[in-house]
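This report describes the fold of one protein chain, moving from its overall make-up to selected details. Please keep the sequence and the structure in view while reading.

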Amino acid sequence: MTSRQRSAESNSLSPRRRTVVKAAAATAVLAAPLAAALPARAADEAPAFLHGVASGDPLPDGILLWTRVTPTTEAVPGSGLGPDTEVGWVVAKDKAFTTVVAKGSVTATAASDHTVKADVRGLTPATDYWFRFSAGGTESPAARTRTAPASDAAVANLRFGVVSCANWEAGYFSSYRHLAARGDLDAWLHLGDYIYEYGTGEYGTRDTVVRQHAPTHEILTLADYRIRHGKYKTDPDLKALHAVAPVVAIWDDHEFANDAWSGGAENHTEGTEGAWTARQAAAKQAYFEWMPVRPAIAGTTYRRLRFGKLADLSLLDLRSFRSQQVAVGNGSVDDPDRTLTGRAQLDWLKAGLKSSDTTWRLVGNSVMISPFAIGSLSADLLKPLAELLGLPKEGLALNTDQWDGYTDDRRELLAHLRSHAIRNTVFLTGDIHMAWANDVPVDAGTYPLSVSAATEFVVTSVTSDNLDDLLKVPQGTVTALAAPVIQVANRHVHWVDTDRHGFGVLDITADRAQMDYYVLSDKTKANATSSWARSYRTRTGTQKVERTYTPV
């Protein structure tokens, strides 16, 4: 998330919770946390595919396949142990694998934590495929994937699941299970905070650790990040979603450390916790090992995918190049020498939006681009909201970890959209643990006189704390009080839900892009149900959000 602080139970510790004991624990690769990253049955199976299979980054003629093999019982994630192992892969048109269209093999080694990827090409556009892996006589589960439409194809409809912010210890990943059960997704977008870096009980669990992650200390080393990724990949709901549709993922800060920037992070103490450059490199290496993501440009997550003539999707990396966040109210949020995107990425984004010939220009965006003023909230609501966003609790009007803290980048991008008459730009955002439907005004200070340059759909968290969790009140209590006040101060906000957890389903046609928002009954229950909450759409050519009363 953005500048999220520690949960209430950890506030009695020093703000940065740095102790010699913690640092020593974080640098030791111990047997217990390694074993905790695997299911109990690991000891009985070797080689085995204990972390499921996945696919990602669909192209018209290809797909990226992923798995992790456990060749021997001691070769658990982060151990650095285990022999080189040949892993076969096969792609077929049917679940029974009677019509095989591609196959090959790749070697899993300890150097890559025994994760493997196969970048399969030569496939047919807009087609469902089945794939699986094998090693030493053991076959992985079979999984479904789908290629993108041909670049020049007239596409009637696209449908994506949209998620972000999954804190293992705060609850169960029921959102993934409900998305997997739909069976109608072309792909699903993960907009950041796929994992969290904190130690046990240090972040957002409403005073209850629902299930303990591994390792139990804050992750710092390559082994630590590998273990944490491995733990996540044992979740049955996450494995189920990876097994039915390709993922398109970007990272946010918690794949590294809270409020990460190019030279450090709020949740990193240089020296005591090693060098930031080493921690960042370890986090990136583990991410690319464990995620079916192509590192398109210099080991970052910014890249572009195309889905026929209907939409292209520009995916951003808003952590690797950004300037350090500044204190609220000191004026430097407007400094043109500070950047969120970095010069090269902003130029790439602007050029791609200008040259796009698709109906819709989607932007996978890890932090909210719409301006957000909170100064008019009452003190009892402002203080927990400030805690969630990492703001001074006295109440100031900016969250400087979002685009609000880098206004020159935002001004340049929105002016570019306006000056080149670029229509139908939709930002898809996570991070803030709330659901939003926003217009994106060119000049927030004069809105509604200011025109809207784009629209933004923000999805809530899978499990990570939102306002009702911080206040420990029944779900929906805070939204009823806060949402009207937020909307008065932010007239470009059509809807905000500050309390509930869930996911989105984005459905696109030539006429409109619609986000259906779904919420969970209880994130702490493994069998949580989901229900439709609201839907908003933007009609082609309008750059405006409007409510619609039926999900797709």
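Two residues are in contact here when heavy atoms of each lie within 4.5 Å. With that rule, Phe-173 touches Ala-166, Asn-167, Trp-168, Arg-211, Tyr-232, Asp-235, Asp-237, Leu-238, Val-462 and Thr-463, leaving out residues up to four places away in sequence. The model is a predicted one.

## The chain as a whole

The chain contains 11 helices and 22 strands. Of its 552 residues, 63% count as buried. About 18,300 Å² of the chain is exposed, and carbon and sulfur atoms supply 55% of that area. Among contacts between residues at least 6 apart in sequence, 72% join residues at least 24 apart.

## Nonpolar cores

Which residues have the most contacts inside the largest nonpolar core? They are Phe-173, Tyr-176 and Trp-188, in a core of 40 residues. At least two residues of this core come from each of helix 3 (174-182), helix 4 (222-232), helix 5 (236-242), strand 11 (247-249), helix 6 and strand 19 (502-508). Helix 6 gives the most, with six residues. A second core, separate from this one, has 33 residues, including Leu-189, Phe-307, Leu-362 and Ala-437.

## Aromatic rings

A pair of aromatic rings is described by the distance of the centres and the angle of the planes. The count for this model comes to 21 aromatic pairs. In one of these pairs, the rings of Trp-66 and Trp-290 have centres 5.8 Å apart and planes at 45°. An angle from 30 to 60 degrees is neither stacked nor edge-to-face, so the pair of Trp-66 and Trp-290 is tilted. This pair links distant parts of the chain: Trp-66 belongs to strand 2 (residues 62-68) and Trp-290 to helix 6 (residues 276-290), 224 residues apart. Trp-66 is buried, with a relative accessible area of 0%. Trp-290 also counts as buried, at 0% relative accessibility.

Trp-168 and Phe-173 form an edge-to-face pair, with 5.9 Å from centre to centre and 85° between the planes. Both Trp-168 and Phe-173 are buried. Ring pairs join Trp-168, Phe-173, Tyr-176, Trp-188, Tyr-194 and Tyr-232 into a cluster.

Charged groups also sit over rings in this model. The charged end of Arg-211 lies over the ring of Phe-173, 4.6 Å from its centre. Likewise, the charged end of Arg-132 is placed over the ring of Phe-97, 4.0 Å from its centre.

## Helix 7 and Ile-422

Helix 7 (residues 343-355) has 13 residues and reaches 18 Å from its first C-alpha to its last, close to the 18 Å expected at 1.5 Å a residue. What do the buried residues of helix 7 pack against? They pack against strand 12 (303-307), strand 13 (311-315), strand 14 (360-365), helix 9 (407-419) and strand 15 (425-429). These buried residues are Gln-345, Leu-346, Trp-348, Leu-349, Lys-350, Gly-352 and Leu-353.

Leu-353 is also a partner of Ile-422, a residue in contact with Leu-353, Lys-354, Arg-361, His-416, Leu-417 and Ala-453 when neighbours within four places in sequence are left aside. Ile-422 and Leu-353 are 69 residues apart in sequence and 7.2 Å apart in space, C-alpha to C-alpha. Ile-422 is found in the loop between helix 9 and strand 15. The limit for a buried residue is under 20% relative accessible area, so Ile-422, at 7%, counts as buried.

## Backbone details

Most residues other than glycine have a negative phi, and most peptide bonds are trans. Two residues with a positive phi are set out below.

| Residue | Phi | Place | Relative accessibility |
|---|---|---|---|
| Asp-57 | about 50° | strand 1 (residues 53-59) | 1%, buried |
| His-433 | near 65° | loop between strand 15 and strand 16 (435-441) | 0%, buried |

Neither Asp-57 nor His-433 is a glycine. Where is Pro-215 placed? Pro-215 is in the loop between strand 10 (187-190) and helix 4. A cis peptide bond joins Ala-214 and Pro-215, with omega about -10°.

Technical notes
Residues are numbered from 1 along each chain as its sequence is written. This is a predicted model: local features need pLDDT of at least 70, side-chain atom pairs count only at pLDDT 80 or more; totals for chains, interfaces and linings use all residues. Side-chain values use heavy atoms; hydrogens and water are left out. Helices (H or I, at least four residues) and strands (E, at least two) are DSSP runs, numbered from the N terminus. The expected span of a helix is 1.5 Å times one less than its number of residues. Buried means under 20% relative accessible area, exposed over 50%, partly exposed in between (1.4 Å probe, protein chains only). Rings of Phe, Tyr and Trp (its six-membered ring) pair if their centres lie within 6.5 Å; planes under 30 degrees apart count as stacked, over 60 as edge-to-face and the rest as tilted. A charge sits over a ring if NZ of Lys or CZ of Arg is within 6 Å of the ring centre and within 35 degrees of the ring normal. A nonpolar core is a set of buried Ala, Val, Leu, Ile, Met, Phe, Trp, Tyr and Cys residues joined through side-chain atoms within 4.5 Å. Accessible areas come from the Shrake-Rupley method with a 1.4 Å probe; for residues, only the protein chains shown count as cover.
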